[in-house]
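Me: I have a new structure open and would like to be walked through it. Could we begin with a term that will come up often?

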Amino acid sequence: LCRRKGDNDRLCSALNNLGLSYRHTANTSKSGLTYEEALANPAIKKNPGLEGVVHNNLAMTYLDMGSNDQALQHLKAALPLRKAAGDLHGTAETLQNLVDVCQRSGDSAGAAQYAAQLQQLH
């Protein structure tokens with residue numbers, strides 16, 4: 001419906017929700033493509049909070065697929081967007097995800113850096 005009506009603002013949110021559905025049913029390739037479509041839509045730039053959420057969700061999808069580097073890239077993109085949107089819970093979520101990805105990658109210094117930022121939120 002969003003596509004048919006040209007409602008790109010709502011389309012980005014719908015694509016995020018669809019991506020979550022695909023991810024939770026273990027269809028990570030469809031999930032990744034859906035999040036990428038949301039990020040490619042110019043309307044997402046109007047909503048940095050949603051853009052940060054989509055980057056975070058895409059990162060976790062890449063992590064599910066075993067791609068730590070791509071997960072880290074999208075988490076690093078999500079963090080400033082979530083901070084700029086004033087999304088304290090989302091910022092904490094992304095920081096925790098950064099800690100986890102850094103630990104999985106063997107980057108203890110990076111994990112400690114993000115853990116310190118997470119502590120500052122509390």
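Reply: Let us begin with exposure: a residue is called buried under 20% relative accessible area, exposed over 50%, and partly exposed in between. Please also note that this is a predicted model.

Me: Fine. Is Glu37 buried, partly exposed or exposed, then?

Reply: Glu37 is partly exposed, because its relative accessibility is 34%.

Me: Which side chain does Glu37 meet in a salt bridge?

Reply: Glu37 pairs with Arg3, and the N to O distance is 2.3 Å. Arg3 lies in helix H1 (residues 2–5) and Glu37 in helix H3, so this salt bridge links distant parts of the chain, 34 residues apart. Arg3 counts as exposed, with a relative accessibility of 55%.

Me: Why would such side chains pair at all?

Reply: Side chains of opposite charge can pair when their charged atoms come close.

Me: How many salt bridges are there?

Reply: The count comes to six. One of them joins Asp9 and Lys46, whose closest N and O atoms are 3.6 Å apart. Asp9 is in helix H2 and Lys46 is in the loop between H3 and helix H4 (48–64), so the pair ties together parts that are 37 residues apart in sequence. Asp9 is partly exposed at 44% relative accessible area, while Lys46 is exposed at 65%.

Me: What about Glu51, is that one buried or exposed?

Reply: Glu51 is buried, with a relative accessible area of 6%. The side chain of Glu51 forms a salt bridge with that of Lys45, at 2.7 Å from N to O. Lys45, by contrast, counts as exposed, at 58% relative accessibility.

Me: And which residues are joined into a network by salt bridges?

Reply: Arg82, Asp87 and Glu93 form one network through salt bridges that share partners.

Me: Changing topic: how do H2 and H3 sit relative to each other?

Reply: The axes of H2 (residues 8–24) and H3 (residues 28–40) come within 8 Å and cross at roughly 165°. The two helices are therefore roughly antiparallel, as angles over 145 degrees are counted that way. The crossing of H2 past H3 is left-handed.

Me: Which residues make that contact?

Reply: On the H2 side they include Cys12, Leu15, Leu18 and Tyr22, and on the H3 side they include Lys30, Thr34, Tyr35 and Glu37. By class, the contact of H2 with H3 has seven nonpolar, four polar and three charged residues. Glu37 thus appears in two places, in this contact and in the salt bridge with Arg3.

Me: Anything odd in the loop between H2 and H3?

Reply: Ala26 is found in that loop. Ala26 has a positive phi of about 65°, although it is not a glycine. At 67% relative accessibility, Ala26 counts as exposed.

Me: Last one: at what angle do H4 and H5 pack?

Reply: H4 and helix H5 (residues 68–84) pack at about 160°, with their axes 8 Å apart. That makes H4 roughly antiparallel to H5, and their crossing is left-handed.

Me: Which residues meet there?

Reply: Among them are Glu51, Val53, Leu58 and Met60 in H4, and Ala71, Leu75, Leu81 and Arg82 in H5. The residues of the contact of H4 with H5 divide into 12 nonpolar, six polar and two charged. Glu51 of this contact is the salt-bridge partner of Lys45, and Arg82 belongs to the network with Asp87 and Glu93.

Notes
Residues numbered from 1 in each chain as written. Predicted model: local features only at pLDDT ≥ 70, side-chain atom pairs only at ≥ 80, totals over all residues. Heavy atoms only, no water. Axes fitted to C-alpha atoms, helices over the stretch in contact; angles between N-to-C directions. Helix = DSSP H or I, 4+ residues; strand = E, 2+ residues; numbered from the N terminus. Parallel < 35°, antiparallel > 145°, perpendicular 65-115°, else oblique. Left-handed = near helix turned anticlockwise from the far one by under 90°. Contact = heavy atoms within 4.5 Å. Nonpolar A, V, L, I, M, F, W, Y, C, P; charged D, E, K, R; others polar. Salt bridge = Lys/Arg side-chain N within 4 Å of Asp/Glu carboxyl O. Buried < 20%, exposed > 50% of the residue type's maximum accessible area, 1.4 Å probe, protein only.
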